[in-house]
Amino acid sequence: MQFKNVLVTGAGGLLGQHVVRELDGRCAVEGFDLKAGEAKIDWHVGNLTDAESVAKAVKGKDAIVQIAAIPNIWSGTGELTMQVNVVGLYNLLSAAEEAGVKRVVICSSDSVVGYTVGEGAMLPPQYLPVDLDHPLNATDPYGLSKVMGEEMGRSFALRGKLEIIVMRPVFVAYPEMHDEIRVRSESPATYKGPMAGGPSSAGGGPCWHHIDPRDAARAFRMGLEMTYRGFDQFFLSANVTLSPEPTLERLQKVVGHLPEIRDPALYENKPFAPLYDLSHTREVLGFDAEYDARAVSLLQDAG
Ligand SMILES: NC(=O)c1ccc[n+]([C@@H]2O[C@H](COP(=O)([O-])OP(=O)(O)OC[C@H]3O[C@@H](n4cnc5c(N)ncnc54)[C@H](O)[C@@H]3O)[C@@H](O)[C@H]2O)c1
């Protein structure tokens, strides 16, 4: 690992715990969160919105994995989401720049594309697969906060001191979410989550994208290890969705028509391929998901 001292924010949360485990033994890891988590690491208890506690935590670090956030539209008001995900991120990036941190890997979301949750306008993709040039059409406060976070990261990278790597994971299929995923698969029409004790609804948008947390954590680690090539963004997803229908069939059913398909072979060869173009992630980050959770939802193997 090129970085020796790494701060993981949100280290006590669902994804943060997986990232801390993934980094264990590769570098010295400290956590930043609202309260100390279970991992046996040094903890900085603080709030992203408190610039002073953020500044203390980033001191002496050469890289940060920035995961702490209001993680979906159900977890906080629009105002709180903006305060934490936008102002809090600004505090972190400013402090990181000031402290001489070299790289920040920022956790964004596929919500930036704007086709994940019913609240808001949820505009379907303009073409497939959705790549990094696709317009960002977020209309809910959470998606908007992530768009602003990505743009903020780009702005800091342009200043020339911080390297910024943006990750856009789709819905993370934590073990804690498996019951939700199963219940949704059994009765998609009546599913109104969270119904099965999960911390939030089975997500992934209309096509039920997902990524296993072990894969997501590995991708974040690779974001620290990759040779930097300028500000960059990566979609993170399993190679198949959890949808009962193949992707194009599903989209046709939900939207009523299909957009321009720029890579028809992708969906011919892999009918359950995600809406997102993973080739940049594969080619530049070198990441390819190993796991998928179709078996959890009692769905057939998508090949
Ligand atoms: N869960 C998903 O499906 C999913 C999908 C895409 C992106 N993401 C992103 O992944 C990241 C982690 O989400 P998660 O699923 O682990 O959720 P989580 O709620 O388990 O973790 C978020 C962590 O951030 C901490 N946090 C929240 N507000 C804070 C603040 N003001 N200051 C300091 N810490 C604060 C929480 O205490 C928590 O430990 C978030 O950035 C989220 O937007 C999640």
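## Glu-180, strand 8 and the ligand site

Beyond its neighbours within four places in sequence, Glu-180 is in contact with Tyr-191, Gly-193, Pro-194, Met-195, Ala-196, Gly-197, Gly-198, Ser-200 and Ala-202. The model is predicted. Glu-180 sits in helix 5, which spans residues 178-186.

What charged partner does Glu-180 have? It is buried and has no salt bridge. The nearest side chain of opposite charge belongs to Arg-184, 8.1 Å away. A salt bridge needs the two groups within 4 Å. There is a polar partner in the backbone, however: the nitrogen of Gly-198 lies 2.8 Å from a polar atom of the Glu-180 side chain.

Pro-194, one of the contacts of Glu-180, lies in the loop between helix 5 and helix 6 (213-225). The peptide bond from Gly-193 to Pro-194 is cis, with omega near -10°. A cis bond also joins Leu-128 and Pro-129, with omega about -10°. Pro-129 is in the loop between strand 6 (127-128) and helix 4 (141-158).

Two residues other than glycine have positive phi values. Most residues other than glycine have a negative phi, and most peptide bonds are trans. Met-122 has phi of about 45° and is found in the loop between strand 5 (103-107) and strand 6. Trp-208 has phi of about 55° and belongs to the loop between helix 5 and helix 6. Are they buried or exposed? Met-122 is partly exposed, at 22% relative accessible area. Trp-208 counts as buried, because its relative accessibility is 6% and the cut-off for buried is under 20%.

Strand 8 covers residues 232-236, and 5 of its 5 residues are buried. Asp-232, Phe-234 and Leu-236 point one way from the strand. Gln-233 and Phe-235 point the other way. Strand 8 pairs with strand 7 (residues 163-169) in the parallel sense, over 5 bridges. Arg-168 stands opposite Phe-235 of strand 8.

Next, the ligand. There are 26 residues around it, and Asp-33, Asn-47, Tyr-142, Val-172 and Tyr-174 come nearest. Oxygen atoms of the ligand have polar partners in the protein, among them these:

| Residue | Protein atom | Distance to a ligand oxygen atom |
|---|---|---|
| Leu-14 | polar backbone atom | 2.9 Å |
| Asp-33 | polar side-chain atom | 2.5 Å |
| Lys-146 | N or O atom in the side chain | 3.0 Å |

Asp-33 thus appears twice: it is among the residues that come nearest to the ligand, and its side chain has a polar atom 2.5 Å from a ligand oxygen.

Note on methods: Residues are numbered from 1 along each chain as its sequence is written. This is a predicted model: local features need pLDDT of at least 70, side-chain atom pairs count only at pLDDT 80 or more; totals for chains, interfaces and linings use all residues. Side-chain values use heavy atoms; hydrogens and water are left out. Buried means under 20% relative accessible area, exposed over 50%, partly exposed in between (1.4 Å probe, protein chains only). Helices (H or I, at least four residues) and strands (E, at least two) are DSSP runs, numbered from the N terminus. Two strands pair if DSSP finds at least two bridges between them. Lys and Arg count as positive and Asp and Glu as negative; His and the chain ends are not counted. A polar contact is a pair of N or O atoms within 3.5 Å; within protein, one must be able to donate a hydrogen and the other to accept it, and residues adjacent in sequence count only if both atoms are side-chain atoms. Contact means heavy atoms within 4.5 Å. A residue is near a molecule or strand if one of its heavy atoms lies within 4 Å of it.
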